[in-house]
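Take a look at the structure below. Then read on for a short tour of its parts.

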2 protein chains.
Amino acid sequence: MTASRTARERVRAELTKEITDIARRQLATEGAGGLSLRAVAREMGMVSSAIYRYFPSRDDLLTALIIDGYNALGAAVERADEDSPPGDFAGRWLAVCHAVREWALAHPHEYTLLYGSPVPGYQAPEETIAARVRDVAVFGRILAQAYEAGALAPPDLAPPAPATLSADAANLRQIMPGVPDDLIFRGLTAWTGLYGWVSFEVFGQFENTIQDKRGSFEQSVRTLGALLGLKPA
Amino acid sequence: MTASRTARERVRAELTKEITDIARRQLATEGAGGLSLRAVAREMGMVSSAIYRYFPSRDDLLTALIIDGYNALGAAVERADEDSPPGDFAGRWLAVCHAVREWALAHPHEYTLLYGSPVPGYQAPEETIAARVRDVAVFGRILAQAYEAGALAPPDLAPPAPATLSADAANLRQIMPGVPDDLIFRGLTAWTGLYGWVSFEVFGQFENTIQDKRGSFEQSVRTLGALLGLKPA
DNA sequence: AAAAAACGAGAGCACTGCTCTTGACGATTG
DNA sequence: CAATCGTCAAGAGCAGTGCTCTCGTTTTTT
């Protein structure tokens with residue numbers, strides 16, 4: 001109904017998209033700190049103050065980019081999961097891990113915006129929180145479905161999760177319904193391990209240390225999968 | 001010999017230290033991006049251009065802070081390791097993990113400088129690389145000593161490290177001498193898992209998700225320790 | 001057709017990193 | 001001892017930033 005109301009609204013939507021597109025390109029070359037409203041305006045042939053009609057502040061532009069980023073990453077992860085055989089839980093975990101890594105390497109600055117150090121002075125608003133759960137929801141779904149299918153054979157490891165953590169486990173169970181406490185925390189460990197690796201690689205921490213980054217990543221992520229009891233098909 | 005040469009050199013060393021101290025304080029309140037040479041100068045009662053006599057550019061000041069940070073973190077980790085019974089390898093691993101987390105939480109912006117997303121436009125010079133190995137050397141030492149002492153009982157997990165990774169393993173063995181390939185990559189996984197967790201917590205990724213952060217961290221890090229075969233004493 | 005809202009342009013404020021010049025001080029050498 | 005030479009703080013200035021305010025113009029709404 002509001003698809004094409006007034007001409008003004010249409011051109012406004014177009015300009016808004018053009019701004020975010022240019023901003024995303026600038027983000028890719030300069031990084032988050034180098035994102036300049038004036039440069040965006042210059043590239044659009046506008047005067048800098050005009051941008052503020054569309055984004056009240058630089059932070060609002062950042063927020064738009066962050067939400068887009070979460071959605072892009074989430075979509076990539078969802079696609080990887082859907083392209084895998086639903087019953088091959090280990091394969092789904094692996095595919096999804098590679099999807100995260102490859103998206104991050106293809107869009108390093110956007111990944112940095114999502115999972116890197118917070119931009120100084122920027123406070124993530126509520127709106128970003130909704131979009132952020134999209135990728136982690138996929139992980140939770142895989143784990144929950146694998147557990148429900150009885151496809152998990154988690155190895156015996158020394159310390160099971162203590163009862164003091166049951167409140168947090170209950171909270172995390174929203175994402176992995178039906179999964180017992182100990183496995184929930186193994187899932188959390190695997191999840192942080194995955195993003196810890198990807199962040200290290202994107203941030204250049206592995207430079208001059210690891211040659212076969214993809215191979216090492218797969219080895220690490222397979223190990224984390226084994227921790228969850230995911231048996232390779 | 002150069003301990004107290006001319007008066008000029010002494011006052012120069014003092015002023016240099018004062019600059020880095022103020023910069024570190026500013027870093028703590030504003031973050032890396034908000035580090036302003038002019039603000040430092042203002043706080044010292046100097047004019048901004050005078051700072052450039054001591055640090056040719058903002059990046060050089062950053063480099064000094066980074067090196068100090070690596071050393072501070074490295075020292076904290078070393079202390080935690082030395083305060084543990086040498087034969088209690090699981091305890092040493094746990095102590096060292098907590099040391100990393102606590103130092104990071106006490107100095108979030110410094111930690112961000114070391115392990116966060118790279119500062120845009122800043123290229124870490126060679127000098128920082130030497131200092132960075134200090135903390136990871138401690139992890140390697142614990143693992144190598146535990147292996148040599150025969151104190152490791154790593155659980156059987158599905159995929160051992162493939163031969164294609166042996167070159168990287170050989171490289172990493174410099175830090176963990178004598179450790180077999182598969183265990184080296186488990187160590188790498190545990191290491192990235194540890195820093196992945198700490199980064200998530202420092203960067204606020206666990207907000208509204210986990211209450212008992214310390215407890216969850218310990219659970220995660222114990223699990224990673226079990227992955228290495230570290231048996232609790 | 002008149003009132004209201006949205007818009008682009010421009011000037012301006014306070015701030016940044018950094019450069020260049022100027023004048024003063026202190027250490028080193030003739 | 002005195003002259004010189006290097007080091008230093010200060011200040012002005014450049015190009016850039018985010019952001020605000022005002023001023024006509026254009027478009028939408030009433």
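This report covers how the protein chains relate and how they meet one DNA strand.

## Two matching chains

This is a predicted model. Start with the two copies, chain A and chain B. A turn of 180° and a shift of 0.0 Å along the axis lay chain B on chain A, with an RMSD of 0.1 Å. That is the relation of a two-fold axis.

The copies also share a contact surface. Of the interface residues of chain B, 100% are interface residues in chain A too, so the copies meet through the same surface.

## The surface near DNA strand D

There are 24 residues around DNA strand D. Leu37(A), Arg38(A), Arg42(A), Arg58(A) and Arg53(B) come nearest. By class, this surface has nine nonpolar, nine charged and six polar residues.

Which helices supply at least two residues each to this surface? From chain A come helix H1 (7–30), helix H2 (37–44) and helix H3 (48–51). From chain B come helix H1 (7–30) and helix H3 (48–51).

## Contacts with the strand

What parts of DNA strand D lie within 4 Å of the protein? Of those atoms, 49% belong to sugar or phosphate. The rest belong to bases.

Some contacts involve phosphate oxygens of DNA strand D. Arg42(A) has a polar side-chain atom 2.6 Å from a phosphate oxygen. Arg58(A) has a polar backbone atom 2.7 Å from a phosphate oxygen. Chain B takes part as well: a polar backbone atom of Val47(B) lies 3.0 Å from a phosphate oxygen of the strand.

Key:
Residues are numbered from 1 along each chain as its sequence is written. Chains are lettered from A and ligands numbered from 1 in the order in which they are written. This is a predicted model: local features need pLDDT of at least 70, side-chain atom pairs count only at pLDDT 80 or more; totals for chains, interfaces and linings use all residues. Side-chain values use heavy atoms; hydrogens and water are left out. A residue is near a molecule or strand if one of its heavy atoms lies within 4 Å of it. A polar contact is a pair of N or O atoms within 3.5 Å; within protein, one must be able to donate a hydrogen and the other to accept it, and residues adjacent in sequence count only if both atoms are side-chain atoms. Helices (H or I, at least four residues) and strands (E, at least two) are DSSP runs, numbered from the N terminus. Ala, Val, Leu, Ile, Met, Phe, Trp, Tyr, Cys and Pro count as nonpolar, Asp, Glu, Lys and Arg as charged, and the others, Gly among them, as polar. Copies are superposed by least squares on the C-alpha atoms of residues with pLDDT of at least 70 in both. Contact means heavy atoms within 4.5 Å.
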